[in-house]
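Trainee: Could we go through this structure together? I would like to learn how to read it.

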Amino acid sequence: MAKPTTATLTKLKDSGHTVAHPDEDVRGRTVKDKAGDDLGKVDDLLIDTADRKVRFLVVEAGGFLGIGETESFIPVDAITQITPDEVKIDQSRDRVAGAPRYDPNLAVEENDYYESLYSYYGFTPFWGAGYVYPGFPYYPL
C-alpha cells in the first residue's frame with residue numbers, strides 16, 4: 001500500500017490551527033467504548049496539516065497528576081457518536097488497551113505506525129485506495 005507522501009500528522013495544540021467552531025472541539029471530553037465504559041479523555045487531536053482534517057483522537061487514561069498516564073491514538077473512523085460531554089467509539093476497552101503504542105525512541109517511521117493502527121482497528125488508512133473520510137464527525141480547522 002502506498003504511504004502518504006505529503007501528509008504530516010501533528011497534534012492540534014502544536015499546529016497553530018484551531019477547530020473552526022469551539023462547540024465542535026472534543027478535547028476534554030470523556031471517551032466511551034462500545035459497552036459504555038470510560039477509556040479516558042480526549043487530550044488532543046492528531047491532524048493532517050495538508051488536508052486540514054482530524055485523523056486520530058489522542059486519548060489519555062490513567063495516572064495521577066500527569067504521572068503514569070498512557071496515550072492512545074484512535075482513528076476518527078471509530079467514532080460513532082459525539083455528545084456535549086462524550087465521544088463514543090465502536091471499539092472495546094480491551095481492544096484499545098491492546099493497540100500498538102508509539103515510542104519515539106524506536107526506529108519506526110510514523111507512517112508505518114499509523115498504518116499499523118489502522119490495520120489493528122480494521123480501517124483503511126486515509127492514504128489507501130477507496131478511503132472516504134467519515135461524514136460524521138467533520139472537524140473543520
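Trainee: Among contacts between residues at least 6 apart in sequence, what share joins residues at least 24 apart?

Mentor: In this predicted model, 53% of such contacts in the protein chain join residues at least 24 apart. One example of distant positions meeting in space is Asn 111 and Thr 8: they are 103 residues apart in sequence, and their C-alpha atoms are 9.1 Å apart.

Trainee: Where is Asn 111 placed?

Mentor: Asn 111 belongs to helix α2, which covers residues 110-121.

Trainee: Is Asn 111 buried or exposed?

Mentor: Asn 111 has a relative accessible area of 18%. Buried means under 20%, so Asn 111 counts as buried.

Trainee: And the chain as a whole? How many helices and strands does it have?

Mentor: The protein chain has 2 helices and 7 strands. Along the sequence the pattern is β-β-β-β-β-β-β-α-α. Of its 141 residues, 44% are buried. The accessible surface of the chain is about 7,500 Å², and carbon and sulfur atoms account for 49% of that surface.

Trainee: Let us turn to the strands. How many residues of β3 are buried?

Mentor: Strand β3 is mostly covered, with 8 of its 11 residues buried. This strand spans residues 38-48.

Trainee: Which strands pair with β3?

Mentor: Strands β1, β2 and β4 are among its partners. The pairing of β1 with β3 is antiparallel, over 3 bridges, and Leu 9 stands opposite Asp 48 in β3. Strand β2 also runs antiparallel to β3, joined by 3 bridges, and here Lys 32 stands opposite Asp 38. Strand β4, residues 53-61, pairs with β3 in the antiparallel sense over 7 bridges.

Trainee: Which residues face each other between β3 and β4?

Mentor: Two examples can be given. Val 42 stands opposite Val 59 in β4, and Ile 47 has Val 54 as its bridge partner in β4.

Trainee: What about the turns? How many residues lie between β2 and β3?

Mentor: There are 5 residues between β2 and β3, which form a hairpin. In that turn Gly 36 has a positive phi of about 90 degrees. Strands β3 and β4 form a hairpin too, with 4 residues between them. The turn of that hairpin contains Arg 52, whose positive phi is about 55 degrees.

Trainee: Which strand does β4 pair with besides β3?

Mentor: Strand β4 pairs with β5, residues 70-75, in the antiparallel sense over 6 bridges. Phe 56 stands opposite Pro 75 in β5.

Trainee: Phe 56 has a ring. How many aromatic pairs does a search of the whole structure find?

Mentor: The search finds 9 aromatic pairs. The rings of Tyr 118 and Trp 127 have centres 6.1 Å apart and planes at 90 degrees, so this pair is edge-to-face.

Trainee: Why are two values quoted for the pair?

Mentor: A pair of aromatic rings is described by the distance of the centres and the angle of the planes.

Trainee: Are Tyr 118 and Trp 127 buried or exposed?

Mentor: Tyr 118 is buried, with a relative accessible area of 0%. Trp 127 is buried as well, at 15%.

Trainee: Which residues form the aromatic cluster?

Mentor: The cluster is formed by Phe 56, Phe 73, Tyr 113, Tyr 114, Tyr 118, Phe 126 and Trp 127. Phe 56 is the residue already described opposite Pro 75.

Trainee: Which charged residues lie over rings?

Mentor: Lys 53 is one of them: its charged end sits over the ring of Tyr 133, 4.7 Å from the ring centre. Arg 95 lies over the face of Tyr 120, at 3.8 Å from the centre of that ring.

Trainee: One last topic, then. Where is Asp 25 placed?

Mentor: Asp 25 is in the loop between β1 (9-11) and β2 (30-32). Asp 25 counts as buried, at 18% relative accessibility.

Trainee: Which residues does Asp 25 touch?

Mentor: Leaving aside residues up to four places away in sequence, Asp 25 touches Val 19 and Leu 45.

Conventions:
Residues numbered from 1 in each chain as written. Predicted model: local features only at pLDDT ≥ 70, side-chain atom pairs only at ≥ 80, totals over all residues. Heavy atoms only, no water. Pairing = 2+ DSSP bridges. Phe/Tyr/Trp six-rings, centres within 6.5 Å; stacked < 30°, edge-to-face > 60°. Buried < 20%, exposed > 50% of the residue type's maximum accessible area, 1.4 Å probe, protein only. Lys NZ or Arg CZ within 6 Å of the ring centre and 35° of its normal. Contact = heavy atoms within 4.5 Å. Areas by Shrake-Rupley, 256 points an atom, 1.4 Å probe, with all protein chains shown as cover.
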